[in-house]
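Hi everyone, thanks for making time for this. I'd like to walk you through one structure today, and please stop me whenever something is unclear.

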Amino acid sequence: MSRPSQIRSKPVTPLSSRMRRTVLQAGGTLLLSVIAPGLARAAQIVAVRVWPADDYTRVTLENDSDLKATHFVIKDPERLVIDIEGLELNTTMKSLVAKIQSNDPYIKQVRVGQNRPNVVRLVFDLKAEITPQVFTLKPVGDYQHRLVFDLYPKQELDPIAALIEKGEWSKDQKFDPSAPVAQAAPESRPSGRNDPRLKFLDPNVARLEPREEKIPPLTRLLTIALDPGHGGEDPGAVGRNGSHEKDVVLAIAKRLKAKIEEQPNMRVMLTRDGDYFVPLHVRVEKARKVQADLFVSIHADAFVEPTARGSSVFALSEKGATSTAARWMANKENAADLIGGVNIKDHDRQLASVLLDLSTTAQISDSMKLAKAVLGEIGGINRLHKGSVEQAGFAVLKAPDIPSILIETAFISNPEEEAKLSDNAYQDQMAIAILKGIRIYFAKNPPLSKNRMT
């Protein structure tokens with residue numbers, strides 16, 4: 001009888017046990033690598049914001065990682081459908097529904113749901129035909145990744161037609177070529193430091209004496225483009241007490257607009273009249289479309305040191321900034337497109353560069369004259385950060401055919417000046433000073449005739 005085969009398993013040695021664990025770990029790693037994409041953590045929406053405006057409505061989803069989205073439009077009725085991948089529905093995302101306002105020009109309502117695992121679907125019910133732009137923005141400033149939906153009207157808005165519709169731009173406005181621009185009522189000079197009109201004046205700062213000059217008879221209406229800086233996704237500088245530059249400069253611009261409209265031979269256009277973002281080159285294009293005679297961009301300065309204070313006026317420079325501070329300021333303001341968010345893929349950068357490289361020596365010369373006149377008047381209500389006009393490469397001042405200036409009304413980063421900027425009286429004083437500077441400029445530099453009498 002043969003002996004049974006000795007094929008019993010050998011006792012597992014400590015070495016072979018370690019090898020088996022190594023193999024199992026390797027196999028587990030391989031398995032995880034195969035299924036990991038399906039188990040990857042979904043992105044988290046950390047904030048949703050909606051910015052409605054006549055120009056367009058913007059919806060922003062801020063999230064902790066990059067997202068991919070696809071979209072399509074459905075007719076009868078008009079709807080925009082957006083599928084966002086790598087996302088699970090959360091309460092922040094659901095809050096988008098309540099953020100749609102009844103007066104939104106383009107969105108009637110939005111529906112949000114989990115379309116399938118890791119895909120959230122948004123359905124915007126629309127009030128009109130739109131041309132959507134969907135794009136992402138990389139983290140910048142205080143923002144994380146952003147997924148942006150811009151809903152533009154199918155028919156591009158005509159800026160003059162829009163103003164006519166609002167009743168702010170009359171086609172048949174009566175025009176008297178012999179009527180001079182109305183002069184402001186003469187103001188008596190404050191006689192002492194206790195005068196309430198000296199509330200915001202620094203008695204230790206020398207003043208440039210304001211002047212009133214009669215403007216010669218004009219043969220046409222003058223068009224002023226006012227540009228309140230920042231807006232929407234771009235708050236601009238933020239004061240210690242929470243004031244946003246975008247809000248105070250819009251308030252000043254609206255006060256100035258009202259005062260300009262009181263002048264019989266002047267009319268005005270705002271590059272933005274609400275809290276929404278307007279790219280820098282679009283601000284310039286808006287002014288050119290209405291054939292503006294002047295472009296005035298209004299801002300509120302900020303600096304790392306809270307002691308910095310005073311008002312400034314800037315013009316464009318052909319040969320670089322006139323100071324390190326002016327260069328720093330221009331770089332900061334030119335970064336507005338990064339903060340506010342521009343769709344680079346859709347933006348015709350070549351066209352914009354042509355537009356912004358056509359600034360002429362004559363334009364800069366006229367801009368300097370305007371800036372000096374305005375600086376002289378602002379010096380009557382607030383100390384000046386610097387007693388002369390500064391120059392730098394501000395993108396928003398590069399209209400080739402429009403004298404353009406940028407006014408820093410005060411330092412919002414300075415607690416005292418932040419209080420000024422939020423005060424109705426100071427805003428009104430600033431608006432009056434800017435208007436006086438504009439009138440003085442036109443008194444010495446009568447505008448050229450243009451082929452328009454609308």
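I'll start with the overall picture, then go through two sheets, some salt bridges and a patch on the surface.

One thing to keep in mind from the start is that this is a predicted model. The protein has 454 residues, and 47% of them count as buried. Its secondary structure comes to twelve helices and 14 strands. The accessible surface is about 23100 Å², with 54% of that belonging to carbon and sulfur atoms. If you take the contacts between residues at least 6 apart in sequence, 77% of them join residues at least 24 apart.

Let's go to the first sheet. In which order do the strands β3, β4, β5 and β6 sit? The order is β3-β4-β6-β5, in an open sheet with antiparallel pairing. β3, residues 68-74, and β5, residues 107-116, are at the edges with a single partner strand each, so one side of each has no neighbour in the sheet. From one strand to the next, the twist averages 20 degrees.

Now let me go across it pair by pair. β3 and β4 run antiparallel and are joined by seven bridges; in that pairing, threonine 70 has aspartate 83 in β4 as its bridge partner. The hairpin of these two strands has four residues between them, and aspartate 76 there takes a positive phi near 50 degrees.

Moving on, β4, residues 79-85, pairs with β6 in the antiparallel sense over seven bridges, and glutamate 85 stands opposite valine 119 in β6. On to the next pair: β5 is joined to β6, residues 119-126, by eight bridges, again antiparallel. Here isoleucine 107 has leucine 126 as its bridge partner, while glutamine 109 stands opposite aspartate 125. β5 and β6 also form a hairpin, with two residues between them, and asparagine 118 in the turn has a positive phi of about 65 degrees. So how many of the eight residues of β6 are buried? Seven of them are, which leaves the strand mostly covered.

The second sheet is also described by four strands: it is open, antiparallel and ordered β1-β2-β8-β7. β1 and β7, residues 130-137, are the edge strands, each pairing on one side only. Ignoring direction, neighbouring strands here are turned by 10 degrees against each other on average. Eight bridges join β7 to β8, residues 145-153, and proline 132 has leucine 151 in β8 as its bridge partner.

Over at the edge, alanine 47 sits in β1, residues 45-51. Leaving aside residues up to four places away in sequence, alanine 47 touches Thr60, Leu61, Glu62 and Thr92. Its C-alpha atom is 7.0 Å from that of asparagine 63, which is 16 residues away along the chain.

That brings us to the charged pairs. The count of salt bridges comes to 20, and I've picked three. In one, aspartate 150 and arginine 58 meet at 2.7 Å, N to O. Aspartate 150 lies in β8 and arginine 58 in β2, residues 57-63, so the pair ties together parts 92 residues apart in sequence. Are these two residues buried or exposed? Both are buried.

Another one joins arginine 146 and glutamate 233, with the closest N and O atoms 3.2 Å apart. Since arginine 146 is in β8 and glutamate 233 is in the loop between β9 and α5, this pair ties together parts 87 residues apart in sequence. Arginine 146 and glutamate 233 are both buried, and they belong to a salt-bridge network with Arg49 and Glu62.

My last pick is aspartate 275 with lysine 246, at 3.1 Å, N to O. Aspartate 275 is in the loop between β10 and α6, and lysine 246 is in helix α5, so the parts tied together are 29 residues apart in sequence. Aspartate 275 is partly exposed, with a relative accessible area of 32%, whereas lysine 246 counts as buried at 6%.

Let me finish on the outside. Phe303, Val304 and Trp328 form a nonpolar patch on the surface, with about 310 Å² of accessible area together. Valine 304 is in the loop between β11 and β12, and it counts as exposed because its relative accessibility is 65%, where the cut-off for exposed is over 50%.

That's my tour, and I'm happy to take questions.

How values were computed: Residues are numbered from 1 along each chain as its sequence is written. This is a predicted model: local features need pLDDT of at least 70, side-chain atom pairs count only at pLDDT 80 or more; totals for chains, interfaces and linings use all residues. Side-chain values use heavy atoms; hydrogens and water are left out. Patches are made of residues with over 30% relative accessible area and no salt bridge: like charges are joined within 9 Å, nonpolar side chains (Val, Leu, Ile, Met, Phe, Trp, Tyr) within 5 Å. Accessible areas come from the Shrake-Rupley method with a 1.4 Å probe; for residues, only the protein chains shown count as cover. A salt bridge is a side-chain nitrogen of Lys or Arg within 4 Å of a carboxyl oxygen of Asp or Glu. Buried means under 20% relative accessible area, exposed over 50%, partly exposed in between (1.4 Å probe, protein chains only). Contact means heavy atoms within 4.5 Å. Two strands pair if DSSP finds at least two bridges between them. Axes are lines fitted to C-alpha atoms, for helices over the stretch in contact, and angles run from 0 to 180 degrees between N-to-C directions.
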